[in-house]
Amino acid sequence: MYEKTFPNKRFKHTINFLEKHIPTSKSILDLGVVNPFSEIMTQHGYAVENTQGEDLDHDTQNITNSKAEVVTAFEIFEHLLSPFTVLQSIKADKLVASVPLKLWFSSAYRSKTDMLDRHYHEFEDWQFDWLLEKAGWKIIDRQKWTNPTKKLGIRPILRWFTPRYYIVYAERV
């Protein structure tokens with residue numbers, strides 16, 4: 001997945017946000033398979049279990065059966081047809097989740113070789129807030145950041161000013 005680039009800035013912002021809200025004494029269920037960021041969480045002292053790669057639109061059993069105190073979902077909900085169902089199935093009372101923001105100057109991301117690496121949803125911040133609130137979550141804190149690149153062109157220039165990522169800390173209502 002990260003053969004050519006590694007999202008150092010996104011990972012730095014994400015771990016700082018997580019550490020701000022979640023003590024390492026809390027157990028975490030990270031939605032998605034083991035990945036470089038779940039390994040970073042472990043290196044920072046978190047006890048992390050991951051889902052197993054099942055299609056969460058159809059199978060939320062690992063979520064509903066988890067005893068974790070916190071659920072994390074980093075760059076997951078945009079891939080699901082029904083993130084509402086997944087959000088409702090979470091038993092933990094704390095959630096830290098991030099999504100890439102919809103860029104008005106770019107079409108939705110779609111890998112041509114990996115059917116799972118596609119964005120069904122590209123959220124604006126208010127849409128993700130509404131989704132969380134409707135699914136029974138209260139947003140306690142939120143943050144956005146840009147993702148500039150060193151490429152030339154209109155899109156790379158706009159990425160210096162347009163927020164690309166959105167992260168929230170929410171608690172069950």
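**Notebook: cores, a helix pair and one loop residue**

I began with F128 in this predicted model, and looking past residues up to four places away in sequence, I found that F128 touches F77, A97, V99, F123, Y166 and V168.

I then looked up the core around this position: the largest nonpolar core has 28 residues, and F128 is listed with L31, F77 and L87 as those having the most contacts inside it. The elements that give two or more residues to this core are the helices α4 (83–89) and α5 (125–134), together with the strands β3 (70–74), β4 (94–100), β5 (137–145) and β6 (165–172). I also noted that another core, of 17 residues, lies apart from this one, and that F17, F37, F74 and Y165 are among its members.

Next I turned to the helix pair α1 (residues 8–21) and α2 (residues 36–43), whose axes come within 11 Å and cross at roughly 45 degrees. I therefore recorded α1 as oblique to α2, and I entered the crossing of the two helices as right-handed. On the α1 side I listed F11, T14, I15 and L18, which meet P36, F37, I40 and M41 of α2. Sorted by class, this contact has 7 nonpolar residues and 1 polar residue, with no charged ones.

Last, I checked E75, which sits in the loop between β3 and α4. Its phi is near 60 degrees, which is a positive value in a residue other than glycine. Is E75 buried or exposed? I entered E75 as buried, because its relative accessibility is 12% and the cut-off for buried is under 20%.

How values were computed:
Residues are numbered from 1 along each chain as its sequence is written. This is a predicted model: local features need pLDDT of at least 70, side-chain atom pairs count only at pLDDT 80 or more; totals for chains, interfaces and linings use all residues. Side-chain values use heavy atoms; hydrogens and water are left out. A nonpolar core is a set of buried Ala, Val, Leu, Ile, Met, Phe, Trp, Tyr and Cys residues joined through side-chain atoms within 4.5 Å. Buried means under 20% relative accessible area, exposed over 50%, partly exposed in between (1.4 Å probe, protein chains only). Helices (H or I, at least four residues) and strands (E, at least two) are DSSP runs, numbered from the N terminus. Contact means heavy atoms within 4.5 Å. Axes are lines fitted to C-alpha atoms, for helices over the stretch in contact, and angles run from 0 to 180 degrees between N-to-C directions. Angles under 35 degrees count as roughly parallel, over 145 as roughly antiparallel, 65 to 115 as roughly perpendicular and the rest as oblique. A crossing is left-handed if the near helix is turned anticlockwise from the far one by less than a right angle, and right-handed if clockwise. Ala, Val, Leu, Ile, Met, Phe, Trp, Tyr, Cys and Pro count as nonpolar, Asp, Glu, Lys and Arg as charged, and the others, Gly among them, as polar.
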